[in-house]
Amino acid sequence: MDKFYHITTYGCQMNVHESEKIAGILSSLGYKSCENIEDADIAVFNTCCIRENAENHAFGNIGMLKKLKAKKRDMIIAVGGCLTQQIGKADILHKKFPYVDIIFGTHNLNKLAEYILKRQGGKKTVIEIEQGNGEICEEDKPLRTSYPNAWINITYGCNNFCSYCIVPYVRGRERSRRSENIIAEAKSLIAEGYKEITLLGQNVNSYNNGTDDISFPELLTSIANINGKFRLRFMTSHPKDFSAELAEVIAGNAKICNNVHLPVQSGSNAVLKAMNRRYTREEYIKKIETLKKYVPDCAITTDLIVGFPGETEQDFEDTLSLVREVGFSSAFTFVYSKRNGTVAANMENQIPEDVSKDRIMRLVELINSNTREQSLKYVGRTVEILCEDYDGKRGLYLGRDEYGRMAYFESSTNVIGEFLNVKIKSANGVSLAGEIVKD
Ligand code: 5AD
Ligand code: SF4
């Protein structure tokens, strides 16, 4: 009889890819994926703790499984991801949800098969959270679910300790995978037909800092030199480490997308300092100028936080003016979320919720109007789109251009994984609509 697994993923791209690794482990044990959690023999929650709402969301969903577990006593519930890695959280989870079978950390994800077998062998709740940095596992066999896109981890952890951020505490110190393993993985993915490779790390620019292996720009060049038609992306870059050498490499390789995610977080020097970002507004703008000098058409995206402790109305207006000045092609915007254990959690002058709400609304309005303006410029142009998916509700295929702009279009045949010329007919805020142009 078939056995099924269901994975619920919270948070960022890093977690989405880690869920692919979890899926790889579960399928090696003979489980198949299922859509509905009710049908699962194993339900895994891959959690995130970067903001309080992601954490609450996971707690809520795990709580809802109590009834199902009471009916399906053999079902295994496993909770992994960053949330479990916070000091004391595994115990809280265990006390609150005694019916959870396995609690495992981010550093020991690749031992999940062992934990499942232990639990099935009669061991009581398995709680395994490795502290420290975790080994680099080069033998992952992810079950990739996002063809034609494939993600490759190049670094794990972070050394930056931005004052608001929990990541360095739950993901450990920065460590880099060996370049030969990364390049071999990219080669085999391209040979398998993947068309877009995204290199992942909390700060890809510091790849191999302090080691004798190649630098990030050299890694990008080596991967871009692999034969075949594909796109190469990377995320995330820390502005303090973004170099002219990297901009030159992007400019010199057609396969590297002219689309860089460079989180600025705030436009105010006082806030940037309190955030421990280690660059000023002026230095950030200088980096953008350098990037644009080499890659004039580069689409720049960013992350922004409003409501950081002590942020004044003037600080916030500095963020708005930076957004206007840089002209980001899009941005992820967040309300500051207090994370216990971080430096900012103990800062005075936490910003009231209504002030943060008002600021995020104003910021989102500005970003949306920038994005709309840029989308409108596409109308009438023909762009190369990599088709990524089919939207059943709309009955349309969709994909992105190299700048990351999404376009929808019709096709009578399955074109997922193909590069297509699409003539843009209309723009709807962030996305475009057009039709395939046959050559
Ligand atoms: N509150 C709000 N946003 C945060 N981020 C990280 N930590 C927090 C926090 N405590 C945002 C940053 C980062 C992105 C991945 O998440 O903008 O770049
Ligand atoms: Fe968090 Fe800063 Fe590291 Fe990014 S660079 S993961 S925001 S500490």
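The exchange below takes up two ligand shells, one helix pair and one serine in a predicted model.

Mentor: Ground rules come before the questions. In this predicted model, local features need pLDDT of at least 70, side-chain atom pairs count only at pLDDT 80 or more, and totals for chains, interfaces and linings use all residues. Residues are numbered from 1 along each chain as its sequence is written, chains are lettered from A and ligands numbered from 1 in the order in which they are written, and side-chain values use heavy atoms, with hydrogens and water left out.

Trainee: Why are H12 and H13 called roughly parallel?

Mentor: H12 (residues 281–294) and H13 (residues 313–326) pack at an angle of about 10°, with axes 12 Å apart. Angles under 35 degrees count as roughly parallel, so H12 is roughly parallel to H13. The axes are lines fitted to C-alpha atoms over the stretch in contact, and angles run from 0 to 180 degrees between N-to-C directions.

Trainee: Which residues of H12 and H13 make the contact?

Mentor: Contact means heavy atoms within 4.5 Å. H12 brings Arg 281, Tyr 284, Ile 285, Ile 288 and Lys 292. H13 brings Asp 318, Ser 321, Leu 322, Glu 325 and Val 326. By class, that is 5 nonpolar, 1 polar and 4 charged residues.

Trainee: What makes a residue part of the shell around ligand 1?

Mentor: One of its heavy atoms must lie within 4 Å of the ligand. Residues around ligand 1 include Ile 50, Asp 303, Phe 334 and Arg 339. Strands S13 (299–306) and S14 (330–335) each supply at least two shell residues.

Trainee: What makes the pair between Arg 51 and ligand 1 a polar contact?

Mentor: A polar contact is a pair of N or O atoms within 3.5 Å; within protein, one must be able to donate a hydrogen and the other to accept it, and residues adjacent in sequence count only if both atoms are side-chain atoms. A side-chain N or O atom of Arg 51 is 2.9 Å from an oxygen of ligand 1. That distance fits the limit. A ligand nitrogen is also 3.0 Å from a polar backbone atom of Tyr 164. Another entry is Ser 337, with a backbone N or O atom 2.8 Å from a ligand nitrogen.

Trainee: Which residues surround ligand 2?

Mentor: Among them are Cys 158, Cys 162, Cys 165, Tyr 164 and His 238.

Trainee: Which residues does Ser 176 touch?

Mentor: Ser 176 touches Ile 136, Ile 154, Thr 155, Tyr 207 and Asn 208, not counting residues up to four places away in sequence. A polar side-chain atom of Ser 176 lies 2.8 Å from the backbone nitrogen of Asn 208.

Key:
Helix = DSSP H or I, 4+ residues; strand = E, 2+ residues; numbered from the N terminus. Parallel < 35°, antiparallel > 145°, perpendicular 65-115°, else oblique. Nonpolar A, V, L, I, M, F, W, Y, C, P; charged D, E, K, R; others polar.
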